[in-house]
Amino acid sequence: MTAEVGVIGTGVMGSNLARNLARNLADRAGARVAVYDRDVGRARAVAQEHPDADFLVAESPADLADRLSGPRVAILMVNAGPATDSAISDLLQVFEAGDIIVDGGNSLFTDSISRGRQAEAAGIEFVGVGISGGEIGALEGPSMMVGGTELAWARLRPILEPVAAEANRESCIAHVGTDGAGHFVKMIHNGIEYADMQLIAEAFAVLRGRLGLTPPEIAEVFREWNLGDLESYLIEITAEVLAHTDEATGEAFVDIIADSAGAKGTGGWTVKTGLDLGVPVSTIAEAVSARSLSAASVLRSSGPALDGPRPTAGGARDDGTAASAIKEPDAVVETVRRALFTGKILAYVQGFHEIAAGSQEYGWTTDLGEVARIWRAGCIIRARLLDRIAGAYETDPDLSSLLADPHVQDALNAGQQSLREVVADAATHGVPVPALASALGYFDGIRTTRASAALVQAQRDFFGSHTYARADRAGTFHTLWAGDRSETKL
């Protein structure tokens with residue numbers, strides 16, 4: 001008895017994806033799903049718990065290979081890093097030329113490139129698939145970013161397409177390039193996710209610190225925002241979190257959670273890769289740094305000794321005046337909404353810029369419009385804004401940047417003043433908003449024709465003879481700073 005696809009790793013993500021595959025392949029004759037786990041008992045338990053999936057349980061990698069019809073397809077749903085390398089090594093010993101190994105974990109894209117070369121030497125196809133949507137997405141339909149050869153995509157498409165999420169009756173899966181492209185695009189997805197979450201958290205901090213709104217009151221604000229341009233999964237779940245009460249204490253749930261955020265690394269990868277590519281992703285970088293700062297307990301222990309305004313969680317100020325005394329609080333809420341939306345757009349601009357740069361660097365020819373399209377459902381950053389972004393690339397597939405789209409320009413122009421007001425007010429009253437502030441700095445850095453880079457380049461030439469270009473004529477130049485300060489053209 002054979003199966004059309006195998007899933008290796010039967011943790012929550014792996015078992016949910018396997019169930020999704022089994023459900024969507026059930027109407028195809030003989031299209032069963034085989035599951036394997038190094039803990040065979042766990043694989044058996046999953047099969048027993050879900051008899052409707054009719055899983056074939058493999059006892060070993062060799063047994064899995066025997067149970068798969070050719071060309072074989074095995075999807076790895078194991079932890080990124082050594083566990084993935086070990087699973088690939090096992091399969092390379094039992095698979096044959098033409099078979100396909102799919103890595104569905106959160107692997108670093110450069111690792112996927114290396115693994116692809118390793119598999120290619122054995123004549124085996126290696127495909128890195130970025131899967132977004134978490135546990136629920138894996139079961140009900142994730143967004144999937146496929147990186148591999150056209151031949152492998154042709155074999156995988158009828159297997160994976162039915163299990164993906166749908167938006168406007170279109171499957172949220174796309175072939176985004178060869179080798180590491182799938183995991184690269186997923187990495188950027190996660191970087192944008194970091195930024196979006198931090199921007200939302202800062203909007204919450206401003207509403208609470210400046211208006212004195214309670215978490216349930218802010219939850220209602222977010223529910224209202226979710227009916228407009230800010231509609232997104234993250235805004236939706238934020239409202240749910242803020243409305244939740246801790247059962248043990250009766251306090252707002254958000255107030256009993258330690259003020260220290262965790263991270264799994266993909267945001268940092270996005271920032272590091274942006275630096276390597278020379279792509280500014282400052283808002284994403286500040287979101288990553290904000291998590292690091294939140295967890296720096298020793299550093300933060302010195303904070304109480306530092307001077308400055310200190311709005312409390314309830315919105316009181318140092319002068320004893322309640323923040324709720326601010327005139328026209330509804331206007332402040334609207335200003336914060338506009339600022340958040342503007343920051344969100346700029347985070348996407350940065351992310352899509354990095355995808356374009358990565359595609360060029362690695363020769364992937366990634367379709368940015370396709371990326372926006374498949375992020376509209378199933379994934380964590382699904383949002384109404386992606387309809388606008390997808391539309392921008394549909395109108396002009398050769399768009400040089402999202403900033404070149406007239407609709408994006410209009411939205412940024414409409415919101416930039418609100419972003420300024422929120423950042424300025426937050427700075428004045430001691431509410432930390434690093435992501436919003438970086439978004440404003442990014443915006444102004446782009447629109448300013450001459451800022452500070454000329455001075456930096458002159459400094460570099462002075463101490464290191466790094467040369468410079470002139471604004472008035474072509475060429476590369478150096479000034480003899482230690483000599484007569486005459487200029488030479490190189």
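Two strands are taken to pair if DSSP finds at least two bridges between them. With that in mind, a good place to enter this predicted model is the pairing of strand β1 (residues 5-8) with strand β4 (residues 73-76), which is parallel and runs over 3 bridges. Within this pairing, G6 stands opposite A74 of β4, and I8 has L76 of β4 as its bridge partner.

These two strands belong to an open sheet of 8 strands with mixed pairing, and the order across the sheet is β3-β2-β1-β4-β5-β6-β7-β10. The edges are taken by β3 (56-57) and β10 (173-177); each has a single partner strand, so one side of each is left without a neighbour in the sheet.

On its other flank in this order, β4 is followed by β5. Strand β5 (residues 100-103) pairs with β4 in the parallel sense over 4 bridges, and I75 finds its bridge partner in V102 of β5. The parallel arrangement carries on from β5 to β6, which are joined by 4 bridges. Here D103 is matched with G128 of β6 as its bridge partner.

Burial is a shared theme of β4 and β6. In β4, V73 and I75 on one side and A74 and L76 on the other are all buried, so that both faces of the strand are covered. The residues already met in the bridges, A74, L76 and I75, are thus among the buried ones. Strand β6 (residues 125-132) is likewise mostly covered, with 8 of its 8 residues buried. One side of β6 presents E125, V127, V129 and I131, the other F126, G128, G130 and S132, and both faces are covered.

Attention can now turn to the helices, beginning with α1. Helix α1 covers residues 12-25, and its 14 residues should span 20 Å at 1.5 Å a residue; the end C-alpha atoms are 20 Å apart, which agrees with that expectation. The buried residues of α1 are G14, S15, N16, L17, A18, N20, L21, A22 and L25.

Helix α4 (residues 82-94) contains D90, a residue with partners from elsewhere in the chain. Once neighbours within four places in sequence are left aside, D90 is in contact with R38 and P61. The C-alpha atoms of D90 and P61 are 6.4 Å apart, although 29 residues separate the two in sequence.

Further along the chain, helix α10 offers two packing arrangements to compare. Two packed helices are described by the angle between their axes and the distance between the axes. Helix α8 (residues 181-211) packs against helix α10 (residues 233-243) at an angle of about 45 degrees, with the axes 11 Å apart. The two helices are therefore oblique to each other, and α8 passes α10 in a right-handed crossing. On the α8 side, the residues that take part are E193, D196, M197, I200 and F204, which meet L234, I235, T238 and L242 of α10.

The second partner of α10 is helix α9 (residues 215-225): the axes of α9 and α10 come within 8 Å and cross at roughly 160 degrees. Angles over 145 degrees count as roughly antiparallel, and α9 and α10 are therefore roughly antiparallel to each other. Their crossing is left-handed. In this case P215, P216, I218, A219, F222 and R223 of α9 make the contact with I235, T238, A239, E240, L242 and A243 of α10. Residues I235, T238 and L242 of α10 thus appear in the contact with α8 and again in the contact with α9.

Finally, some details of the backbone deserve a friendly glance. Most residues other than glycine have a negative phi, and most peptide bonds are trans. A cis peptide bond joins G70 and P71, with omega about -10 degrees. P71 is placed in the loop between α3 (61-67) and β4.

Positive phi values occur at N168 and R485, neither of which is a glycine: phi is about 55 degrees for N168 and about 65 degrees for R485. N168 lies in the loop between β8 (166-167) and β9 (170-171), while R485 lies in the loop between β12 (476-479) and β13 (487-489). A residue counts as exposed at over 50% relative accessible area. N168 is exposed, at 59%, and R485 also counts as exposed, at 51% relative accessibility.

Notes: Residues are numbered from 1 along each chain as its sequence is written. This is a predicted model: local features need pLDDT of at least 70, side-chain atom pairs count only at pLDDT 80 or more; totals for chains, interfaces and linings use all residues. Side-chain values use heavy atoms; hydrogens and water are left out. The expected span of a helix is 1.5 Å times one less than its number of residues. Buried means under 20% relative accessible area, exposed over 50%, partly exposed in between (1.4 Å probe, protein chains only). Axes are lines fitted to C-alpha atoms, for helices over the stretch in contact, and angles run from 0 to 180 degrees between N-to-C directions. Angles under 35 degrees count as roughly parallel, over 145 as roughly antiparallel, 65 to 115 as roughly perpendicular and the rest as oblique. A crossing is left-handed if the near helix is turned anticlockwise from the far one by less than a right angle, and right-handed if clockwise. Contact means heavy atoms within 4.5 Å.
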